[in-house]
Structure formats: structure tokens, C-alpha cells
Amino acid sequence: MSTPDRQVIAVGIITNRNGDYLIEQRHAKQHLANSWAFPGGKVQPCESPRSALRRELAEELAIEPGKLRWLLDIPW
């Protein structure tokens, strides 16, 4: 959950049956322009990272992931 002093980002590492990864190139006018990233976004207050990731994937890619599995936290 995000708090006023800490922003949490939920990111999905999405693979297909062939082992390919889904990555996106950030838009030229976005923060970290033109860099490559895994899809995801900011966790809203009172939202779990899992819920945020499902919401972001639905909004940005029109996909609903099946099974989600936590991989790691990276303090920034």
C-alpha cells in the first residue's frame, strides 16, 4: 500500500509459453523517456500491489492475468 511518504510501484513480468517477455518502451514525453520497462504502475492509497497490477494491466493492455506471484521488493 502506498502512503504519503512512500510511493509503491507494482510491475508485472509477463511471459508466454515460449518464454518471451512482454516489455514496453516508454513514450518520449514520459519520465525516463524511451527507456524499456515492464508494464505496471503506481499503487493507489488503500490498494494492494496485486490489485494495482491487475488494474494497470487491464487499463494499459486490456489483459487480465491469470495467476500472479510475488517475486521481490526493491527499495528505491
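Helices here are DSSP runs of H or I at least four residues long, strands are runs of E of at least two, and both are numbered from the N terminus. This is a predicted model, so to speak in its terms: local features need pLDDT of at least 70, side-chain atom pairs count only at pLDDT 80 or more, and totals for chains, interfaces and linings use all residues. Residues are numbered from 1 along each chain as its sequence is written, and side-chain values use heavy atoms, with hydrogens and water left out.

**View 1. The whole protein chain, with one helix and six strands.** Going along the sequence, the pattern is β-β-β-β-β-β-α. The C-alpha trace spans about 40 × 30 × 25 Å along its principal axes. Of the 76 residues, 20% are buried (under 20% relative accessible area; exposed is over 50% and partly exposed lies in between, with a 1.4 Å probe and protein chains only). Take the contacts (heavy atoms within 4.5 Å) with a separation of 6 or more: 42% of them link residues 24 or more positions apart. The accessible surface (Shrake-Rupley method, 1.4 Å probe; for residues, only the protein chains shown count as cover) comes to about 6,500 Å², and carbon and sulfur atoms own 56% of that.

**View 2. Helix 1 and what its buried residues pack against.** Helix 1 covers residues 49-61. Its 13 residues should span 18 Å at 1.5 Å a residue (the expected span is 1.5 Å times one less than the number of residues), and the end C-alpha atoms sit 17 Å apart, which agrees. The buried residues of helix 1 are A52, L53, E56 and L57. They cover an arc of only 130 degrees around the axis (taken from the directions from the helix axis to the C-beta atoms), so they end up on the same side of helix 1. Their packing partners are strand 1 (9-11), strand 2 (14-15) and strand 6 (40-42). Just after helix 1 comes A62, with a positive phi near 55 degrees.

**View 3. R55 and its salt bridges.** A salt bridge here is a side-chain nitrogen of Lys or Arg within 4 Å of a carboxyl oxygen of Asp or Glu, and that rule gives three of them. R55 pairs with E47, with the closest N and O atoms 2.9 Å apart. R55 also bridges to E56, at 3.1 Å between the closest N and O atoms. How far apart are E59 and R55 along helix 1? They are four residues apart, or about one helical turn, and their side chains meet at 3.5 Å, N to O. Shared partners join E47, R55, E56 and E59 into one network. The covering of these residues varies: E47 is buried at 13% relative accessible area, E56 is buried at 9%, R55 is partly exposed at 23%, and E59 is exposed at 53%.

**View 4. A nonpolar patch on the surface.** The residues in this patch are I9, V11, I13, Y21, I23, W36, F38, W70, L71, L72 and I74, and together they have about 1,200 Å² of accessible area. Patch members have over 30% relative accessible area and no salt bridge; nonpolar side chains (Val, Leu, Ile, Met, Phe, Trp, Tyr) are joined within 5 Å, and like charges within 9 Å. One of them, Y21, is found in strand 3 (residues 21-22). Is Y21 buried or exposed? Y21 counts as exposed, at 55% relative accessibility.
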